[in-house]
Amino acid sequence: MTLVKTLLELPELGMRLRAGGDLLDREVTRIYVTELPDPSRYLSAGELVLSGLLWWHTDGDAEPFVAALAQARCAALAASGADTGGIPDDLVRACRRHRIPLLEVPADLSFAVITERVVLELAGESGGARKRLLSAAADNASLPALLAHGAAELGADCWVLSATGRIVAASTPGPPIERTVLPVGGRHAVPWSLAVGAQLAPGPAEVAEELASLIGLARARDEEVRKVHLRLAAPLIGLLGAGGGAAELAAAFAATDLPADAPLRVLVARTPAAHTGVEILGELLATHPPPVYLGEHDTDAYALVRADTGWPEAWPATAARALARLGGGRILVGIGGPATLSGLRGASEEARHALGAAAQRPDRVAVVAGEEIGVHRLLVAGAPDELRQALRERMLGPLLGLHPDLLHTVRVFLECSGSPTKAAKALHVHVNTLRYRIARAGELLGLDLTDFRTQVDVYLALAIDS
């Protein structure tokens, strides 16, 4: 039996007791990591709850968190004060009030180390299926290997599914059979679930719950590795987002393992919640051949991938369908490229303009590639707002607001390649009426609307804010 005092006495963890000295004989049955301000729906009796206190901001925040632990009969709380300047007194008082043992985690100790050591301790005293699963997790088994262990213990095939419908891992090929579905813990923009291809009796159901918990820990461990990769990609992503100079971009690019002549695509995502865009782009690109570089700039997420390694033509439509399965607010994605290093800044600009085009669509989820946007719109979008509005006023001023019918006629005429016959047919008017309207519009504008270069100028002006 693993007790709270057993973990407190482990010298390699170096945890310090801050509250609940008379409650150390409580049994610890599993470990759960959370940064939710109210984790009540995910808690189970006997859990050691591990938290970095990212949810704590001011006095009073600890009360609902610790009350949820007490309500669920959790064994103890192990907290790190690395991001809060130490363990808040508010938390100590709440733990004393609700009789929850509070263990302070050293600021320089990784949660991954704590998790692995606690799992080892639990494996040493557990028996049967649960012991074997915990042992596999403690040996840092890969997610597919862990799932294979679980399937063997349950006597049924298992799948880990993302909320977009992607099969993250499976114990067997083929589509998932969702006879029993359990949530995988953790707070994520793209949640995972464990699907088991059988209805489970109470005993196996507990094993499946343990498996789901261990999958959540494996995901958290993998995310710590990904955070290191994010830091490595940060200089390059920052320059793409800020529009850095060619020399700076080349220097940051040289730190990657991408060849300078490789065709690349830039993706930009905008999501309603902060810091979720990177996870969402990572989900969309999970099956894309590596390397995939992800990062953030301001409030947008960026991704950089090779365009010559399996980029399907229908990728935007496929991505939009996957994202539509996620809840929440609007999710917008813009895609630029392909381009080599010399054109990477332009591809980044194209991706941002595609993101702007996605924002103008009424759909909750929109994925737009630069190829879908006319070159004339990209050229117009690249000009400063003040210049674009000045050009629009100069070219179209006499028609704006005063002659909407003539403005519409000019637009249709130009969209019909300057053909009076096609434009008249599109507007359901006689061709002579069309010619009169075009001549009248030309008089008001002081322009010859039959001249090709003038037509190009007017069409670009019409493209502004249209």
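# Briefing: a four-stranded sheet, its covering helix and the nonpolar cores

Leaving aside neighbours within four places in sequence, L211 is in contact with L133, L146, L147, G150, L154, C158 and L194. The model is predicted. L211 belongs to the largest nonpolar core, which has 45 residues. One of its contacts, C158, belongs to strand β6, and β6 is part of an open sheet of four strands.

**Nonpolar cores**

- Within the 45-residue core, the residues that touch the most other members are I114, L194, L211 and I215.
- Helix α7, spanning residues 202-242, gives the most to this core, with seven residues.
- A separate core of 27 residues lies apart from the largest one, and F253, Y293, A354 and A358 are among its members.
- In soluble globular proteins, nonpolar side chains tend to be buried together.

**The sheet**

- The strand order is β7-β6-β9-β8, and the pairing is antiparallel.
- Strands β7 (167-170) and β8 (180-183) form the edges, each pairing on one side only.
- From one strand to the next, the twist averages 20°.
- Five bridges join β6 (residues 158-162) to β9 (residues 192-196) in the antiparallel sense.
- Within that pairing, C158 has V196 as its bridge partner in β9, and W159 has A195.
- Strands β6 and β7 also run antiparallel, joined by three bridges.
- Across from L161 in β6 stands I167 in β7.
- The hairpin of β6 and β7 has four residues between the strands, and G165 there takes a positive phi near 100°.

**Strand β6 and helix α6**

- Strand β6 is mostly covered, with five of its five residues buried.
- The side chains of C158, V160 and S162 point one way from β6, while W159 and L161 point the other way.
- In a regular strand the side chains alternate between the two faces of the sheet.
- Helix α6, made of residues 143-154, lies across β6, β7 and β9.
- The direction of α6 is at about 135° to that of β6.
- The contacts of L211 include L146, L147, G150 and L154, which fall in the range 143-154 of α6.
- L211 also contacts C158, in strand β6, and L194, in strand β9.

**Cysteines**

- The structure holds zero disulfides.
- For C95, the closest cysteine sulfur is that of C74 at 11 Å, which is too far for a bond.
- C95 is buried, its relative accessible area being 1%.
- C158 is likewise buried, with a relative accessible area of 0%.

**Aromatic pair**

- One aromatic pair is present in the structure.
- The pair consists of W55 and F65, which are stacked at 4.1 Å centre to centre with 15° between the planes.
- W55 lies in the loop between β3 (47-51) and α2 (62-71) and F65 lies in helix α2, so the pair ties together parts that are 10 residues apart in sequence.
- Both W55 and F65 are buried.

Methods. Residues are numbered from 1 along each chain as its sequence is written. This is a predicted model: local features need pLDDT of at least 70, side-chain atom pairs count only at pLDDT 80 or more; totals for chains, interfaces and linings use all residues. Side-chain values use heavy atoms; hydrogens and water are left out. Two strands pair if DSSP finds at least two bridges between them. Helices (H or I, at least four residues) and strands (E, at least two) are DSSP runs, numbered from the N terminus. Axes are lines fitted to C-alpha atoms, for helices over the stretch in contact, and angles run from 0 to 180 degrees between N-to-C directions. Contact means heavy atoms within 4.5 Å. Buried means under 20% relative accessible area, exposed over 50%, partly exposed in between (1.4 Å probe, protein chains only). A nonpolar core is a set of buried Ala, Val, Leu, Ile, Met, Phe, Trp, Tyr and Cys residues joined through side-chain atoms within 4.5 Å. A disulfide is a pair of cysteine sulfur atoms within 2.5 Å. Rings of Phe, Tyr and Trp (its six-membered ring) pair if their centres lie within 6.5 Å; planes under 30 degrees apart count as stacked, over 60 as edge-to-face and the rest as tilted.
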